[in-house]
Amino acid sequence: MARLGGRGVKTHRDHVLVTTGSQQGIDLVAKVLLDPGDVVVVENPSYLAALQVFAGAEADIDVVGSDDDGMRVDELDALLSRRRAKLIYIVADFHNPKGTTLSVARRLRLIELATRHGVTILEDDPYGELRFRGVRPPSLAALDDAGVVLQLGTFSKTLAPGLRIGWITGSPELIRACTTAKQAADLHSGNLSQRATAKLLETFDYDGHLAKIREVYGARCDDLLGALTRHLPAGSRWTRPDGGLFVWVELPAGLDAERLLQTAVQHHVAFVPGAPFFAKHPRASTLRLNFSNRGRELIELGMTRLGEVIRDAQAHIASA
Ligand SMILES: Cc1ncc(COP(=O)(O)O)c(C=O)c1O
């Protein structure tokens with residue numbers, strides 16, 4: 001709580017609920033706020049398991065585009081003038097799947113729009129602590145004076161996903177409603193992993209650990225970006241993250257990442273095809289790469305192989 005409070009997020013106990021991972025936070029917010037047919041605005045593409053929650057809530061999912069500075073807030077402005085939305089879902093820092101970060105100017109505009117239109121923002125922030133370049137911008141929660149932001153956090157990306165410890169912060173009214181919804185879901189999150197994590201945070205150099213993983217991930221990200229330059233065909237483009245775990249790649253038109261994956265796996269290299277991350281208008285030529293998990297040699301080898309698989313597919317298309 002001290003960490004969150006230090007970054008300008010309200011952490012009095014009325015403002016916080018511990019959840020079973022941040023995924024449960026998304027689910028609880030959907031249960032509390034959404035009725036079938038309610039409009040939820042997401043970036044296109046967006047975190048797949050959030051889309052699953054909103055689809056399960058029978059929401060009407062509408063989309064705005066994104067670029068290297070994150071959500072296209074100008075498009076959001078136009079959309080909110082046209083449609084009455086209930087919720088805006090956003091990963092502002094090191095987006096999943098794109099790895100991009102919302103600029104400060106867009107953060108301010110987003111808060112202003114949500115406040116004016118009376119829409120709640122769900123800021124999902126599992127990756128903010130994993131910044132290895134640049135200065136951390138204020139979170140949407142820290143910029144929010146009107147009580148329109150609910151923020152989700154988690155230890156899944158900094159300690160271990162198996163702990164299943166996350167949290168929601170926000171206005172006491174919404175936190176109270178989420179607490180009631182959580183009681184129906186699982187009464188409360190397990191005490192054992194919370195106590196173990198509390199003890200760990202007392203006895204272990206968490207800041208030192210974060211500094212170390214940031215350094216390793218930053219170096220691996222650079223390795224991946226270098227390998228992409230060497231091995232991907234002309235016409236490919238990709239994001240350049242300042243933190244997090246992912247790089248988003250757009251291959252030349254005509255290539256289908258789902259098909260490429262089948263061949264790539266035979267060559268012992270894997271990625272996540274991008275199409276399922278789109279709530280609307282899926283782009284088959286996109287894919288998500290992770291850079292945190294393997295060292296330089298394997299990243300280079302994997303991208304060499306991926307480059308070969310892509311070039312073979314291009315040759316096949318050209319000869320068809
Ligand atoms: C954007 C985003 N939100 C939520 C989650 C879920 O995290 P947790 O393990 O805390 O439930 C993930 C995990 O990949 C994620 O990428």
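How many residues surround the ligand, and which are the closest? In this predicted model, the ligand is surrounded by 14 residues, and D124, Y127, T154, S156 and K157 are the closest.

**Make-up of the shell**

Sorted by class, the shell around the ligand holds five nonpolar residues, six polar residues and three charged residues. Helix α2, which spans residues 21-33, supplies the largest share of this shell, with three residues.

**Polar contacts with the ligand**

Oxygen atoms of the ligand pair with atoms of Q23, T154 and R164. The table gives the protein atom and the distance for each pair.

| Residue | Protein atom | Distance to a ligand oxygen atom |
|---|---|---|
| Q23 | backbone N or O atom | 2.9 Å |
| T154 | polar side-chain atom | 2.6 Å |
| R164 | side-chain N or O atom | 2.8 Å |

On its own the ligand has 400 Å² of accessible area, and the protein covers 91% of that area. T154 appears in the table with a side-chain atom 2.6 Å from a ligand oxygen, and T154 is also listed among the closest residues of the shell. For Q23, by contrast, the atom in the pair belongs to the backbone.

**Residue A160**

A160 sits in the loop that runs between strand β8 (149-154) and strand β9 (166-169). Is A160 buried, exposed or partly exposed? Its relative accessible area is 30%, so A160 counts as partly exposed, a class that lies between under 20% for buried and over 50% for exposed. In sequence, A160 and G128 are 32 residues apart, and their C-alpha atoms are 15 Å apart in space.

Conventions. Residues are numbered from 1 along each chain as its sequence is written. This is a predicted model: local features need pLDDT of at least 70, side-chain atom pairs count only at pLDDT 80 or more; totals for chains, interfaces and linings use all residues. Side-chain values use heavy atoms; hydrogens and water are left out. A residue is near a molecule or strand if one of its heavy atoms lies within 4 Å of it. A polar contact is a pair of N or O atoms within 3.5 Å; within protein, one must be able to donate a hydrogen and the other to accept it, and residues adjacent in sequence count only if both atoms are side-chain atoms. Accessible areas come from the Shrake-Rupley method with a 1.4 Å probe; for residues, only the protein chains shown count as cover. Helices (H or I, at least four residues) and strands (E, at least two) are DSSP runs, numbered from the N terminus. Ala, Val, Leu, Ile, Met, Phe, Trp, Tyr, Cys and Pro count as nonpolar, Asp, Glu, Lys and Arg as charged, and the others, Gly among them, as polar. Buried means under 20% relative accessible area, exposed over 50%, partly exposed in between (1.4 Å probe, protein chains only).
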